[in-house]
Amino acid sequence: MKAFQERYGFDRREVGLHNWRQTPFSRFAFEHTREIVPTAQIDCGGERPEAPPVGDGSLAGVNVEIAGAKLGWREYLLRSHTDVFVVMKRGEIVSEWAAPHANPARAHILFSVTKSVTGILAGILEDQGVLDKGERVSEYLTEAKGSALGEATIQQLADMRTSLAFDESYLNADGDYARYRRATGWNPLERGQQPENMTEMLLSIRQGDRPHGGPFHYASPNTDLLGVVIERATGRNFAGLLSALVWRPLGAYSHACMTVDAEGAPRGAGGMCATARDLARLAEAVRRGGEAENGRIASQRWIEDMLTGGDTKAWREGNFAAFFPKGRYRNCWYQTGYESGAYCAIGIHGQWAYVDPGAEAVLVKLSSQPIPLDDELDQKNLAFFRQICAAL
């Protein structure tokens, strides 16, 4: 108990479902999510010992300039609430860092980086002819008929181009977003509140004031429902599919997991937990056109569609346009619009998988950032990533 307090600064008994995403408890909870929220294991086919950490490696002596201040790259990571940071160059880990409280061997929650993994899985099933992205959700979920999301296409879910009367307000305590968190199993029920499963909640969301297929509008229910559609289309559970079609072919070294609701439905929008090294391996496989250690995890067709598809007008008119002024969103991945061709997967509380094709680099940053969405810090992180890639 004393060692725990020395490592984290609080008692283990203080952490629970009511506060696991709050500072300082998140420093523990983000690496021990399966102790707090129900999860399903994503089996890697046999865990393997990792090589020792490489330390500074290729970044020895590198400094960065962030918001006019010059500092060492490790100092920036510490200031930006990083838990684990991994740098790959041409598939080799060339630098890494972990905070004093962090354990890089533990699976860390990825939050909405999960969406990009769900996008890969949907692409595999599309290539197999199991999933038709042009079909409406109600073709796979009969109970979705008559609901707002039931009329959306699978591609519209993957591209966040549905119209929903839903505000993704992470700190909401009493509205639809808090109800959503309870339905996913991420928040406890308060006295007098009735239990509700995630799928029921998703299908109860009303449509917005425009048709589906319009501007980009970020709403996690899209990707959670995509996870449910994947299960229904295949007749298999999401974690098992991800193990068979992605995690084992990837050659992942460690088991991952996915949070599930009270009935076992997967949180395809934000519930995956994995080590930083395995996430870097996944992003590297995407960079290499879908090729991984034990096979292919994505087709060249899907990769090209993810890299070049997406509607720039929909992005410009959407609610994230200021984040990447020249960007796009396709198949659950962000295109930055940078000259380097960089693209990325992003999660709240500071989770990143950043791919720079020009530098042949992959950067993974897993964090316990206190504020779920911090626009100023996000821009600093992007400036940091670009400088690190340039230093390589």
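Where is Pro24 found? It is in the loop between helix H1, residues 2-8, and helix H2, residues 26-29. I start there for one reason: the peptide bond from Thr23 to Pro24 is cis. Its omega is near 5°. Keep in mind that this is a predicted model.

Now the whole chain. There are 13 helices and 15 strands. The radius of gyration is 20 Å. The globule rule gives 21 Å for 392 residues, so the chain is as compact as a globular protein of that length. Along the principal axes, the C-alpha trace spans about 60 × 50 × 45 Å.

What about the inside? Of the 392 residues, 59% count as buried. Take the contacts with a separation of 6 or more: residues 24 or more positions apart account for 66% of them. And the outside? The accessible surface comes to about 15600 Å². Carbon and sulfur atoms hold 47% of that surface.

Next, the core. The largest nonpolar core has 135 residues. Which residues have the most contacts inside it? They are Phe85, Trp247, Met272 and Phe384. Helix H9, residues 238-250, gives the most to this core, with eight residues.

Let me stay with Trp247. Leave aside its neighbours within four places in sequence. Trp247 then contacts, among others, Ile42, Asp43 and Cys44. Further along the chain, its contacts include Ala252, Ser254, His255 and Ala256. Met272, one of the core residues I just named, is also in contact with Trp247. So are Ala274 and Asp278.

On to the aromatic rings. The structure holds 33 aromatic pairs. Look at Phe323 and Phe324. Their ring centres are 4.6 Å apart. Their planes meet at 65°, so the pair is edge-to-face. Phe323 is buried, at 14% relative accessible area. Phe324 is buried too, at 0%.

Phe324 has another partner: Tyr338. That pair is also edge-to-face, with 6.0 Å centre to centre and 80° between the planes. It links distant parts of the chain, 14 residues apart. Phe324 is in the loop between helix H12, residues 312-316, and strand S11, residues 328-330. Tyr338 is in the loop between strand S12, residues 333-335, and strand S13, residues 343-347.

Is Tyr338 buried or exposed? Buried: its relative accessible area is 17%, and the cut-off for buried is under 20%. Tyr338 also has a charge on its face. Arg386 lies over the ring, at 3.8 Å from the ring centre. There is a second case of this kind elsewhere. The charged end of Arg267 sits over the ring of Trp186, 4.5 Å from its centre.

Back to the loop between H12 and S11, because Phe320 lies there as well. Which residues does Phe320 touch, not counting those up to four places away in sequence? Phe216, Tyr218, Trp315 and Tyr334. One distance for scale: Phe320 and Ser116 are 204 residues apart along the chain, and their C-alpha atoms are separated by 17 Å.

Now one helix, H6, residues 176-184. Its buried residues are Tyr177, Ala178, Tyr180, Arg181, Ala183 and Thr184. There is a general point behind such a pattern. An α-helix has 3.6 residues a turn, so residues three or four places apart point the same way. What covers the buried residues of H6? The cover includes helix H7, residues 198-204, and helix H8, residues 221-234. Right after H6 comes Gly185, with a positive phi near 90°.

Last, two residues other than glycine that have a positive phi. The first to look at is His81, with phi near 65°. His81 is in the loop between helix H3, residues 73-79, and strand S4, residues 82-89. Its relative accessible area is 32%, so His81 is partly exposed.

Then Arg90. Its phi is near 50°. Arg90 is found in the loop between S4 and strand S5, residues 92-98. Why does Arg90 count as exposed? Because its relative accessibility is 54%, and exposed means over 50%.

To finish, three places to find on screen. Go to the cis bond from Thr23 to Pro24. Go to Trp247 in the largest nonpolar core. Then go to Tyr338, which pairs with Phe324 and has Arg386 over its face.

Terms used
Residues are numbered from 1 along each chain as its sequence is written. This is a predicted model: local features need pLDDT of at least 70, side-chain atom pairs count only at pLDDT 80 or more; totals for chains, interfaces and linings use all residues. Side-chain values use heavy atoms; hydrogens and water are left out. A nonpolar core is a set of buried Ala, Val, Leu, Ile, Met, Phe, Trp, Tyr and Cys residues joined through side-chain atoms within 4.5 Å. Buried means under 20% relative accessible area, exposed over 50%, partly exposed in between (1.4 Å probe, protein chains only). Helices (H or I, at least four residues) and strands (E, at least two) are DSSP runs, numbered from the N terminus. Contact means heavy atoms within 4.5 Å. Rings of Phe, Tyr and Trp (its six-membered ring) pair if their centres lie within 6.5 Å; planes under 30 degrees apart count as stacked, over 60 as edge-to-face and the rest as tilted. A charge sits over a ring if NZ of Lys or CZ of Arg is within 6 Å of the ring centre and within 35 degrees of the ring normal. The radius of gyration is taken over C-alpha atoms; the globule rule is 2.2 Å times the number of residues to the power 0.38. Accessible areas come from the Shrake-Rupley method with a 1.4 Å probe; for residues, only the protein chains shown count as cover.
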